[in-house]
Amino acid sequence: MLFKYLIRYLLYPILLIITFGFSYHSLNNADRSLAYDIGTHALTMVSLLMLIEMLIPLRGTWKATRSNFWRRDLPFIIIGSIGIKTADYIIAFIDKAIDFIQITTLAHLPFLLGVILAILITDFITYWIHRACHEEKGRIGRFLWRIHMPHHMPKQVNIVMQTNAHPINLFIGRTTFFLPLFFLGFSPEVIFTVAIITNLQALVSHFNVDIRVGWLNYILIGTELHRYHHSAKSSEAKNFGIVTSIWDQLFGTFYYNPGEIPESLGLEDTDLYPKETNIIGLMIYPFTRNK
Ligand SMILES: [Zn+2]
């Protein structure tokens, strides 16, 4: 069907154009509020992607369901927003103090160079934290897995389950994204653009629609690569980056099977953990004794 074919190859370039257009418009608007615009961009993308997911889902069994939404996804969205809001207050507080402690300033880099460098830095940090969450090395590693594990419990990937994770996981993700950029003195324009690009990548990564980007998979992490990160087979569950696949390729955790999709998603050993709808159990789980 023509619509499916057009979406497969054209949707991602269109999303990129919307994102860059959004960035250009916000940065050239005198009355802008960049924090507010980050939220508007995310909401626009979520609405558009959810609509397309409803029309042409890649796998019917990966679709968001009413039962999962009320019992699992919505509680995670509510609790997750507490983690994100707390992070934002702390980031704003530290940002005020940072003027005095910035170790260097990259604010005067050409815009595009600043964006590329900022993506490489934030994704390098995210890559190692995310990888540590999965490797479960030592007490810290086991704790990190327990706060990240709820994100891997669903046997589906779709836009709605994207924020399913312990709020501490979301808090760490948010603070380790923004604070290094502030410390290094990147300009607000660069930080804003990197934030909306990262939002876009995080969203399309869980998109239950057949979109393909070909050779771009060797630069960016998106739908085709991150879907494998959720594979139930540990040999496929690689690709720890959020925006770029460069660090995965460099550190030997890149997995790409062009044109294919994982057979099954989620965790195999679910008996070890509280049920995915047992939200209170999952919140407490990181603080219980290791078995
Ligand atoms: Zn993960």
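**Close-up A. Helix 7 on its own.** In this predicted model, helix 7 runs over residues 188-204, so let's start there. Its 17 residues reach 24 Å from the first C-alpha to the last, close to the 24 Å expected at 1.5 Å a residue. How much of helix 7 is covered? Mostly covered is the verdict: 13 of its 17 residues are buried.

**Close-up B. Helix 7 meets helix 4.** Two packed helices are described by the angle between their axes and the distance between the axes. Here helix 4 (residues 111-135) packs against helix 7 at about 55 degrees, and the axes are 9 Å apart. That angle is why the two helices, 4 and 7, count as oblique to each other. The crossing of helix 4 with helix 7 is right-handed. On the helix 4 side, look for Phe111, Gly114, Val115, Ala118, Ile119 and Thr122; helix 7 brings Glu189, Val190, Ile191, Thr193, Val194 and Ile197. Sort the residues of this contact and you get 8 nonpolar, 3 polar and 1 charged.

**Close-up C. Helix 1 beside helix 2.** Now find helix 1 (residues 2-27) and helix 2 (residues 34-55), with axes 11 Å apart and an angle of about 160 degrees. Which way do they run relative to each other, parallel or antiparallel? Angles over 145 degrees count as roughly antiparallel, so helix 1 and helix 2 are roughly antiparallel. Their crossing is right-handed. Helix 1 makes the contact with Ile7, Thr19, Phe22 and Ser26, while helix 2 uses Leu34, Asp37, His41 and Ile52. Between helix 1 and helix 2, the contact residues split into 4 nonpolar, 3 polar and 1 charged.

Definitions and conventions:
Residues are numbered from 1 along each chain as its sequence is written. This is a predicted model: local features need pLDDT of at least 70, side-chain atom pairs count only at pLDDT 80 or more; totals for chains, interfaces and linings use all residues. The expected span of a helix is 1.5 Å times one less than its number of residues. A residue is buried if 20 or more other C-beta atoms lie within 10 Å of its own, exposed if 12 or fewer, and partly exposed in between; C-beta atoms are placed from the backbone. Axes are lines fitted to C-alpha atoms, for helices over the stretch in contact, and angles run from 0 to 180 degrees between N-to-C directions. Angles under 35 degrees count as roughly parallel, over 145 as roughly antiparallel, 65 to 115 as roughly perpendicular and the rest as oblique. A crossing is left-handed if the near helix is turned anticlockwise from the far one by less than a right angle, and right-handed if clockwise. Two residues are in contact if their C-beta atoms, placed from the backbone, lie within 7 Å. Ala, Val, Leu, Ile, Met, Phe, Trp, Tyr, Cys and Pro count as nonpolar, Asp, Glu, Lys and Arg as charged, and the others, Gly among them, as polar.
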